[in-house]
Amino acid sequence: MNYDERIKVKLFRQAEKFRAFKQGEVIFKEGDPGHEMFVIRNGTVNIRVGEKTVATLEQDEIFGEMTMIDRRPRSATAVAASDCELVPVDGRNFIFLVTQTPNFAMQLLQIMASRLRDMDKLL
């Protein structure tokens with residue numbers, strides 16, 4: 001997908017709670033249990049399946065959302081491609097956002113559909 005077409009989640013730009021990661025640091029690994037998703041406040045993150053980078057995400061993009069929906073282990077590895085700040089969204093906040101912010105729920109569905117189509121193209 002062209003970067004200009006990507007869906008941005010701008011709700012978290014002013015979030016005070018975030019985690020900082022240095023370039024090359026692993027955020028989570030494929031197969032890890034997942035209890036939160038992340039929004040990129042700044043920096044870039046590579047998403048890898050096996051040894052292949054399948055996406056490079058930037059500011060206002062989300063990742064790790066699948067575990068919030070299906071409670072299954074991580075399906076990919078996330079690595080900081082640059083120094084970055086990530087806003088964690090735990091289960092309670094995720095449910096609040098989905099139920100109380102219809103625009104967020106719609107963005108989430110659009111992001112997941114877009115990523116599924118992108119993965120289909122890779123196969």
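## Helix packing, sheet and cores in a predicted model

Helices α2 and α3 are roughly perpendicular to each other, since their axes cross at roughly 105° and angles from 65 to 115 degrees count as roughly perpendicular. The model described here is predicted. Helix α2 covers residues 91-100 and helix α3 residues 102-122, and the two axes come within 5 Å. On the α2 side the contact is made by Phe94, Leu97, Val98 and Gln100, and on the α3 side by Pro102, Phe104, Ala105 and Leu108. Seven of the residues in this contact are nonpolar, one is polar and none is charged.

The strands come next. An open sheet is formed by four strands, in the order β2-β7-β4-β5, with antiparallel pairing. Strands β2 (26-28) and β5 (52-57) are at the edges with a single partner strand each, so one side of each has no neighbour in the sheet. On average, and with direction ignored, neighbouring strands of this sheet are turned by 30° against each other. Five bridges join β4 (residues 45-49) to β5 in the antiparallel sense. Val45 has Leu57 of β5 as its bridge partner.

Val45 also appears in the largest nonpolar core, which has 14 residues. The members that touch the most others are Ile27, Val45, Ile47, Phe63, Ala78 and Leu86. At least two residues of this core come from each of β2, β3 (36-42), β4, β7 and β8 (84-90). Ala78, with its neighbours within four places in sequence left aside, is in contact with Glu25, Val26, Ile27, Phe28, Val45, Asn46, Ile47 and Phe63. A second, separate core has 13 residues, among them Ile62, Met68, Leu108 and Ile111. Leu108 is also one of the α3 residues in the contact with α2.

Two loop residues remain to be described. Most residues other than glycine have a negative phi. Asp60 has a positive phi, near 75°, and Arg71, which is not a glycine, has a positive phi of about 60°. The table lists their places and accessibilities.

| Residue | Phi | Loop | Relative accessibility |
|---|---|---|---|
| Asp60 | near 75° | between β5 and β6 (62-63) | 3% |
| Arg71 | about 60° | between α1 (66-70) and β7 (77-80) | 51% |

Asp60 counts as buried because its relative accessibility is 3%, with the limit for buried set at under 20%. Arg71 counts as exposed because its value is 51%, with the limit for exposed set at over 50%.

Key:
Residues numbered from 1 in each chain as written. Predicted model: local features only at pLDDT ≥ 70, side-chain atom pairs only at ≥ 80, totals over all residues. Heavy atoms only, no water. Axes fitted to C-alpha atoms, helices over the stretch in contact; angles between N-to-C directions. Parallel < 35°, antiparallel > 145°, perpendicular 65-115°, else oblique. Contact = heavy atoms within 4.5 Å. Nonpolar A, V, L, I, M, F, W, Y, C, P; charged D, E, K, R; others polar. Pairing = 2+ DSSP bridges. Buried < 20%, exposed > 50% of the residue type's maximum accessible area, 1.4 Å probe, protein only. Core = buried A, V, L, I, M, F, W, Y, C linked by side-chain atoms within 4.5 Å.
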